[in-house]
Amino acid sequence: MERIIAQPHDPIAPPSTGLKPPEIPDDLVPKHIAIVMDGNGRWANSRGLPRTEGHRAGEDALMDVLAGAIEIGVQTVSVYAFSTENWRRSPAEIAFLMNYSREVIRRRRHELDDWGVKILWSGRLPRLWPSVVRELQAAERLTRYNSTLTLNFCTNYGGRAEITDAVSALAEDVAAGKLNPRKITENVFNSYMYQPHLGDVDLFIRSGGEQRTSNFMVWQSPYAELMFIDEPWPDVDRSVLWRCITNYARRDRRFGGAVDKVAKDKVLGE
């Protein structure tokens, strides 16, 4: 087994395309972005290719989007790599996705480490191939000291499954006398989620033209700004990400309160 030794190091900037991110005040850049990388299969089929080729093409899209997230100052990106519902797909496609996920993590983890990306895995252990788990855990160990960007790689993940697992763990602690049920608050419940320290999702992006959240980051997205874009995932790049972030910065996020839109437009130069 390959030995991964994690050591702090100075990150290097990801490759530049020559494009410059839009000038957006730091407080208007989303801290946490969730992405449903949809449209891979349709992208491939429209070109007379098998669905698996769309997944291959999506790898470069992910890397470019992560590079763009670093450039504009996003802190966390959560990506829906494989859902608990994806087990309903054909055995051949499931096998491809498991093998491909394992290889992508192995192939890209050192590049992401160089960029200063911290890789985390969120999801259920049962049914997930042990070889995929090993690669995810190796990536976590390798990048654990990084802080430029956190990549939350959601594999065998479902929003309801995460909540169910949290309830189960919480109930066990109540039954064991470790937790007073009268002391359960939203913050206490949140501490039982897979990655409680990542915070709520600010911007939720789904590619491929569909307009649903598909059981992704259910607990974390109560006030997320939703953006459904027509581009299939292989056609998404950092410029598309920046377009979404620009639209996000213009939205009136009230959280039950109110914001002076005129004053906000002046900040954005409009």
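This report walks through how some helices pack in this predicted model, and then looks at a pair of aromatic rings.

## Ground rules

Residues are numbered from 1 along each chain as its sequence is written. In this predicted model, local features need pLDDT of at least 70 and side-chain atom pairs count only at pLDDT 80 or more, while totals for chains, interfaces and linings use all residues.

## Helix 2 on its own

Let's start with helix 2, residues 51-72 (helices are DSSP runs of H or I, at least four residues, and strands are runs of E, at least two, numbered from the N terminus). Its 22 residues should span 32 Å at 1.5 Å a residue, and the end C-alpha atoms are indeed 32 Å apart, so the two values agree (the expected span is 1.5 Å times one less than the number of residues). Right after helix 2 comes Gly73, with a positive phi near 100°.

## Helix 2 meets helix 3

Helix 3 covers residues 91-115, and its axis sits 11 Å from that of helix 2, at an angle of about 25° (axes are lines fitted to C-alpha atoms, for helices over the stretch in contact, with angles from 0 to 180 degrees between N-to-C directions). The two helices are therefore roughly parallel (angles under 35 degrees count as roughly parallel, over 145 as roughly antiparallel, 65 to 115 as roughly perpendicular and the rest as oblique).

Who touches whom? On the helix 2 side, the residues in contact include Arg51, His55, Met63 and Ile70, and on the helix 3 side they include Phe96, Tyr100, Arg107 and Trp115 (contact means heavy atoms within 4.5 Å). This contact is made up of 10 nonpolar, two polar and eight charged residues (Ala, Val, Leu, Ile, Met, Phe, Trp, Tyr, Cys and Pro count as nonpolar, Asp, Glu, Lys and Arg as charged, and the others, Gly among them, as polar).

## Helix 2 meets helix 7

Helix 2 also packs against helix 7 (residues 238-250), with axes 8 Å apart and an angle of about 50°. Helix 2 and helix 7 are therefore oblique to each other. From helix 7, Arg238, Leu241, Trp242 and Ile245 meet helix 2 residues, among them Val65, Gly68 and Ile72. Seven nonpolar, one polar and three charged residues form this contact.

## An aromatic pair

The structure holds eight aromatic pairs (rings of Phe, Tyr and Trp, the last by its six-membered ring, pair if their centres lie within 6.5 Å; planes under 30 degrees apart count as stacked, over 60 as edge-to-face and the rest as tilted). Tyr157 and Tyr194 have ring centres 6.0 Å apart and planes at 70°, so the pair is edge-to-face. Tyr157 lies in strand 4 and Tyr194 in the loop between helix 6 and strand 5, so the pair ties together parts 37 residues apart in sequence.

Notes:
Heavy atoms only, no water.
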